[in-house]
Every structure is written in structure tokens, then in C-alpha cells.
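Here is a short report for someone meeting this structure for the first time. Follow along in the sequence and the 3D view.

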Amino acid sequence: MGAMDSLFTFTSTIGASLLFYTSYKILDTARLYLRPSGLHRYLYADARGQRAWALVTGSSSGIGKSLAFELADHGFNIVLHGRNPRKLEVVRDELRTAHPGVEVRIVVADASQCHRPDAVNFARIRDEVASLHLTVLINCAGSGPTPAFGGLEAYGREDIVDSLVLNAVFPALLTATLLPVLRGQYYTDSGKPTTAAAGPTRRGALIINIGSVTDDGFPLVSFYSAGKSATHTLHKAIAREAALDGWDKDIEIISHRIGAVTGVSHTQAAPSLIRPDARTVAKAILARTGCGRNTVVPYWGHAALQGVLAVLPTAVVDAVINGAMREERRAQDEGVKR
């Protein structure tokens with residue numbers, strides 16, 4: 001009976017531990033999607049009384065444009081970035097019409113060409129925003145090639161390189177350039193602090209990376225997937241650097257893994273529960289600010305799908321992903337609106 005009692009105690013302890021862990025995970029997940037946003041922490045005036053600014057890359061369309069409008073709704077001044085000045089001017093005018101009190105500036109730079117000498121002047125971008133009270137940087141610029149879904153061998157060298165540069169190299173270089181500005185530690189070449197230098201009203205900044213759930217290695221978007229994986233890892237590493245060197249209280253860094261979205265360049269279908277529109281995703285991204293995590297799936301529907309996949313055997317996950325991507329390619333080949 002002693003051995004049976006011990007076995008019963010052991011299995012009861014294991015069962016109670018599993019129940020406790022499961023309950024904790026459920027409550028922690030519920031808290032993540034129900035807690036109020038901490039975005040307001042970064043909407044504060046500087047020593048000159050200047051309103052906070054947010055820079056959103058890739059903001060001429062899709063999620064980037066939606067994020068710009070959401071930030072303006074909250075009261076931020078906006079710096080729009082893109083490679084097409086005419087598209088950016090249209091977005092600027094729309095923002096000014098919707099929010100007459102919000103200031104809007106434009107930065108034009110072709111992110112996919114930033115690896116070429118003199119193609120993108122990062123020092124110029126730094127100097128343009130250093131005079132502003134920049135408290136938010138959102139790395140959202142990124143896209144795959146056209147057609148969107150194809151095998152690696154179907155694309156040329158330029159398609160592959162431009163996509164990797166756009167999705168991985170540009171956010172790394174821009175973040176490295178603007179980190180001193182966001183930390184209030186940017187100085188001119190003469191050694192004098194700029195007007196953006198840290199002062200008694202400096203209370204932190206926010207860096208958001210817009211990643212993708214394809215960073216796990218999705219077929220038919222192989223090099224896009226690789227680029228998103230690289231920038232996701234980059235931002236997790238920067239967050240750990242912040243903690244390592246003790247400036248994690250100065251800047252919140254969070255990488256968002258986004259699932260299927262409509263209202264973007266390659267998908268214009270009606271929104272659904274598992275494929276929300278860009279504005280819904282933008283709201284979810286900003287709502288997760290201050291959640292205490294350096295990586296998150298911001299939209300609850302995408303998170304639910306990821307949770308299901310996480311408990312399935314690898315072979316089943318591979319079959320599910322391949323099936324979904326096969327359907328995406330079929331729809332693309334047949335010209336189906338998705």
C-alpha cells in the first residue's frame with residue numbers, strides 16, 4: 001500500500017501542477033488581451049512643450065497607414081515614411097483632414113535599396129527627426145515580391161535581395177540610427193546636444209517591430225519568411241541588450257507577429273475572424289503596448305490559431321501550413337480575390 005500511496009501522491013501532484021500551469025497560462029493570456037494599452041505613456045510633451053511624434057515606416061498603405069491613423073487618433077504627431085512621395089502626400093492630406101490639429105511630416109526613402117551606396121541617407125533621416133520630440137518608432141516597411149506566392153527558384157536575384165534588404169536590413173539600420181534619438185542621447189558632430197537631448201521631461205520611448213507568423217519558415221514565401229525571422233530576432237536581441245545594459249526602463253521594445261490580414265497590397269478580400277482588416281490589426285498592435293513582453297501575437301484570432309498549432313505534432317503542423325499555402329497559391333494562379 002505504501003508504494004501505491006506514493007504513486008497516487010506523485011500522480012496527484014503532477015495533475016495539480018498541470019492544472020495550475022494551464023490555469024495560469026489561460027489567465028495570463030486573457031490578461032494580455034483584456035488589459036488597457038500603455039501607449040499613453042509615450043504621449044507626453046517635451047521641455048519645449050512639443051507634442052510627441054511617432055515615425056511609421058511603410059506608411060503609404062496597409063498596416064503602416066492604419067497605424068499612422070491610429071496614432072493620430074491618440075494625439076501623436078506623425079512622420080510618414082515610404083518610397084513614393086505622391087502616395088505619402090495623399091496619406092498626409094488624409095491625416096490632416098481627419099486630424100486638423102496633428103502635424104504630419106514625410107520622409108522619402110526606398111528601403112529596399114538601403115544596401116546600395118548613397119541610396120538611403122540615414123544621417124539625414126536622423127537629423128530630420130532629431131529636432132522633433134520622437135517617442136515612437138514603428139518598423140512596418142516590408143513586403144514580399146510579385147507574385148506573392150511562389151517557389152524560391154521562381155524569383156530572380158533582385159527580387160530576393162530587395163526583399164531581404166527591405167524586411168531585415170532596413171529596420172536594423174534605421175533602428176541603430178534612431179536609438180540615440182529615442183534615448184535622448186543624440187549629439188551633433190560638434191559634440192553639442194541637440195534639442196532632442198534628454199531633459200527632465202524625458203520619460204521613455206517605444207520601438208515596435210511589425211513581424212509575421214511566417215517567420216517560422218513558410219513555403220512559397222521563403223525569403224520573405226527569412227527576412228521577417230531576422231528582424232524579429234533582431235528586436236528580441238535589442239530588448240535583451242536594453243535589459244543587459246540597464247536602459248530597458250528608457251525604451252520599450254516589442255516585436256509583433258502578424259497573421260493573415262486583408263486590406264493590404266496582396267489581399268483585398270472581405271475581412272473575417274481569422275483574416276481581419278489592417279485597421280483592426282493596427283488597433284490590436286497598439287493595444288498590446290506595455291504588456292511586459294518583448295514578443296507577442298497582437299490580434300487574439302491569430303494568437304488562437306498559433307496556440308492550436310503549438311500543441312500539434314510537427315508533421316501535422318507542416319501539413320496544415322502546406323495546405324494553407326497551397327490554397328493561397330491556387331487562388332493567386334486563378335486570380336481569386338483574397
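R92 and D93 form a salt bridge, with their closest N and O atoms 3.3 Å apart. The model is predicted. R92 counts as partly exposed because its relative accessibility is 22%. D93 is also partly exposed, because its relative accessible area is 39%. Across the whole structure, a search finds 15 salt bridges.

Helix α9 holds further examples. E327 and R330 meet there through their side chains, at 2.5 Å from N to O. These two residues of α9 lie 3 residues apart, about one turn of the helix. R330 also meets E334 in a salt bridge, at 2.4 Å from N to O. R330 and E334 are 4 residues apart in α9, again about one turn of the helix. Salt bridges with shared partners also join E70, D73, R279 and K283 into one network.

How exposed are the α9 partners? E327 has 30% relative accessibility and so counts as partly exposed. R330, at 33%, is partly exposed too. E334 has a relative accessible area of 53%, so E334 is exposed, the cut-off being over 50%.

The three pairs are set out here.

| Salt bridge | N to O distance |
|---|---|
| R92 and D93 | 3.3 Å |
| E327 and R330 | 2.5 Å |
| R330 and E334 | 2.4 Å |

**A nonpolar patch**

Helix α9 turns up again at the surface. Which residues make the nonpolar surface patch of about 400 Å²? They are V308, V311, L312, V316 and V320. Helix α8 (300–311) supplies at least two residues of the patch, and so does α9 (314–334). L312 sits in the loop between α8 and α9. L312 counts as partly exposed, because its relative accessibility is 32%.

**The strands**

Now turn to the strands, beginning with β1. Strand β1 spans residues 53–56. In a regular strand, side chains alternate between the two faces of the sheet. In β1, W53 and L55 point one way, while A54 and V56 point the other way. All four of these residues are buried.

Which strands pair with β1? One is β2 (residues 77–82), which runs parallel to β1 and is joined to it by 4 bridges. Within this pairing, A54 stands opposite I78, and V56 stands opposite L80. Another is β4 (residues 134–139), paired with β1 in the parallel sense over 4 bridges. Here L55 has L137 as its bridge partner.

Is β2 enclosed or open? 6 of the 6 residues of β2 are buried, so β2 is largely enclosed by the rest of the structure. Both faces of β2 are covered. N77, V79 and H81 lie on one side, with I78, L80 and G82 on the other.

Strand β2 also pairs with β3 (residues 104–108). These two strands run parallel and are joined by 5 bridges. V79 of β2 stands opposite R105 in β3.

Helices link these strands. β1, helix α2 (residues 62–74) and β2 make a right-handed β-α-β unit. β2, helix α3 (residues 85–98) and β3 make a right-handed β-α-β unit as well. Strand β2 therefore takes part in both units.

Note on methods. Residues numbered from 1 in each chain as written. Predicted model: local features only at pLDDT ≥ 70, side-chain atom pairs only at ≥ 80, totals over all residues. Heavy atoms only, no water. Patch = residues over 30% accessible without salt bridge, like charges linked within 9 Å, V, L, I, M, F, W, Y side chains within 5 Å. Areas by Shrake-Rupley, 256 points an atom, 1.4 Å probe, with all protein chains shown as cover. Salt bridge = Lys/Arg side-chain N within 4 Å of Asp/Glu carboxyl O. Buried < 20%, exposed > 50% of the residue type's maximum accessible area, 1.4 Å probe, protein only. Pairing = 2+ DSSP bridges. Right-handed = clockwise from strand over helix to strand, strands pointing away.
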